[in-house]
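Trainee: Please take me through one part of this model at close range. Begin with a single residue and its surroundings, then move on to the core and the cysteine links.

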Amino acid sequence: MRSPPARAAKARSRRARAAALAAAALSALPSPAAANGVFPSADQIVFDPADPARAVARMTYGLLATRDGGASWRWICEGAVGYDDTGAVAPPIAAAEGGRVLAALSDGLAIGAEGGCSFTRAAELEGKAVIDLSVRQGDPSRVVAIVAGPRHGLWASRDGGARWASAGALLPAGFQARTVDVAPSDPRRIYVSGLAGGGGPVKGELARSADGGETWETSVVPGSTTSREPYIAGVDPRDADVLYVRIASAPGRLFVSRDGGATFEPVFDTQGFVRAFAISPDGAEVTVGTDVDGVFRAPSSTLSFERVSTVAPRCFAWTEAGLYACASEFLDDFTIGRSLDGGATFEPLLRQACIRGPLDCATSTSVGALCPLDWPRIAMMTGHEDCAPDAGSPAASSGASASATGATGAGGATAASGGAASGGGGAASGAGGAGGALEVSAGGAQPASGARPSDGGCGCRTGGGSAGWAGAVAAACLAAAAAARRRA
C-alpha cells in the first residue's frame, strides 16, 4: 500500500524541487498572471450525462468547456458564473439533465444554460450559501444540495437543477456540512460529511440517511478534526453500504465503510494530501492520487494498493471512456489527461497555452458580455498561443492522436488514474458527485466517434516566445522539472 521509504523520499525530493521551480516562476510573473494567488490549474472535471464529448473543468480562473472530447477548450469567466476569484473561491460544479452546469456559490446556485453562455440563479436558493451538490449517477434529473443556515439542510431537485425544494429534516444541531453524495444504487441513501461539536471538542462526523433525508444518524470519522476535515470520496456504484471518506490534510488518509457509514476502516495513508479518488464504473477498482506519492490503484474487493504512477493528480474522473486526471503542467506536462490503459499512461487533453479563448457566445449573454473583456489577462497568464496544427503537419494530414505522457513510476509504469467524485469536495474544492446549458457529466470527454483527440486540440508547446511572461517562465520550469526527473 505504501511506497518503499527510499522511493517515497525520492518522489518527495522531486516534488520539492518542482515546487521550488513553481514558486520561482510565480514570483517572476506580473501580478495578473498569478490570478487569485495560486498557480493556474484544474481541480475538477465533469461531463454531460447525455454526451461524453462535452465536459467542463473547474480552473483556478473560471471554467473551461469542451464540446469535442477535449480536442479544443474554451474559457468561461468567473463573473459570468457569478463569483469572484480574488478570494480563491472554487465552487463545486456538477452536470445534470438537459446539459445544465450547476455551480454551488456562497450566495446561491448558478445554472448554466444556452450551451453554457448564460448563467442564471435558482430562485429558491437565492441568497443562501450552497456548500456542495451531487447529481445521482444514472439519473441526472435528481440533484441534491447542502445549504447552510442556523442548521444545515438538504435541498433537492427532480428536474436537473431547474427547480428546488427543501427536502426532509434538517441536519443535527451543530453539524457543519462539507460534502454530500447520493448512493448510485439507492437514491434514498444520502451521505453528508462535516464537523460537529456537541458541546465538546469539534470532531469530524458522517451524517447518513436511508430515507431521502427524512431522518439522520451520525457517526464519528476517526482522527478527523477542524484541521483534518472528512470529505466523502465516493460511494460504490453497486452497494449503497460501501463508501469512502478521505481526510483533507497532510498526512492524508483514506477510510472505507462497509456498513453504511456506521464504522470506518483505514485503507490508505500518505505523507501528502489525498487530493483525488475514483471508483471504476463497474465498482471493481478504486484509485487514489496524492501530491507526494503519486497514483495508487487497488481491487475494491481487497483494497491492496499498488503504485502505478508518479503523476501528482489534483482530481480524478472515471467513466466508460477512460480515466481522467487533473495535473500540474510544471510536474506532469498536462493539465487534464486521459488514460486508455487503466492508468499506465496518459494522453494530454489540455495544456493551458492551447485554450482557444472565451466561449463563443452572443454579446447578449453573460459570457459574451463579460468574458472577452478579461481574456487578455487570462491569455497572458496561460501563455496563450495558436495551437491549431499547420496545414501540412502530421496531425492535420493524418489525424494522429496526441502522444501519451506521464512520469515513469514503479516498475516503469507511467501516468495515473480516474475518479468518481474527486476534486476534493466541499466549497473549497469539488463535489461528490457534476437542452440548453453547457453540457457536462462525471468523467472524461471522448469524441462521439470514439477517436482519440488529435494534436489539434492540445499538442502544443507550453508557453512561447511571444506568449508573454507566463508562457516563457512555464516553459523554462517545465524543462527544468523534466531534467530533474531524468537525473533522478
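Mentor: R297 sits in strand β23, which covers residues 294-299. Bear in mind that this model is predicted. R297 has 19% relative accessibility, so it counts as buried; the cut-off is under 20%. Its side chain makes a polar contact of 3.5 Å with the side chain of E285. E285 also appears among the residues in contact with R297 once neighbours within four places in sequence are left aside. The others on that list are V286, T287, S304, F305, E306, V308, G342 and G343.

Now the core. The largest nonpolar core has 44 residues. Those touching the most other members are Y61, L63, L64, W75, I76, V81 and I336. Helix α4, residues 366-382, gives this core its largest share, six residues. Take I336 from that group. Leaving aside neighbours within four places in sequence, I336 is in contact with A42, I45, A57, W73, A325, E347, P348, L349 and L350.

Next, the cysteines. The structure holds four disulfides. Here are three of them, one by one.

C77 and C371 are joined with an S to S distance of 2.2 Å. The pair links distant parts of the chain, 294 residues apart. C77 is in the loop between β4 (74-76) and α2 (78-81), while C371 is in helix α4. Both C77 and C371 are buried. Their link is left-handed, with -80° about the S-S bond.

C117 and C361 form another disulfide, with sulfur atoms 2.0 Å apart. C117 lies in the loop between β7 (108-113) and β8 (118-121), and C361 in the loop between β28 (347-350) and α4, so this pair ties together parts 244 residues apart in sequence. The link of C117 and C361 is left-handed, at -80° about the S-S bond. C117 counts as buried because its relative accessibility is 8%. C361 is buried too, with a relative accessible area of 14%.

C354 is joined to C387, S to S 2.3 Å. C354 lies in the loop between β28 and α4, and C387 in the loop between α4 and α5 (394-398), so the pair ties together parts 33 residues apart in sequence. The link of C354 and C387 is left-handed, with -80° about the S-S bond. C354 is buried, with a relative accessible area of 3%. C387 is buried as well, at 6%.

Terms used
Residues are numbered from 1 along each chain as its sequence is written. This is a predicted model: local features need pLDDT of at least 70, side-chain atom pairs count only at pLDDT 80 or more; totals for chains, interfaces and linings use all residues. Side-chain values use heavy atoms; hydrogens and water are left out. Helices (H or I, at least four residues) and strands (E, at least two) are DSSP runs, numbered from the N terminus. Buried means under 20% relative accessible area, exposed over 50%, partly exposed in between (1.4 Å probe, protein chains only). A polar contact is a pair of N or O atoms within 3.5 Å; within protein, one must be able to donate a hydrogen and the other to accept it, and residues adjacent in sequence count only if both atoms are side-chain atoms. Contact means heavy atoms within 4.5 Å. A nonpolar core is a set of buried Ala, Val, Leu, Ile, Met, Phe, Trp, Tyr and Cys residues joined through side-chain atoms within 4.5 Å. A disulfide is a pair of cysteine sulfur atoms within 2.5 Å.
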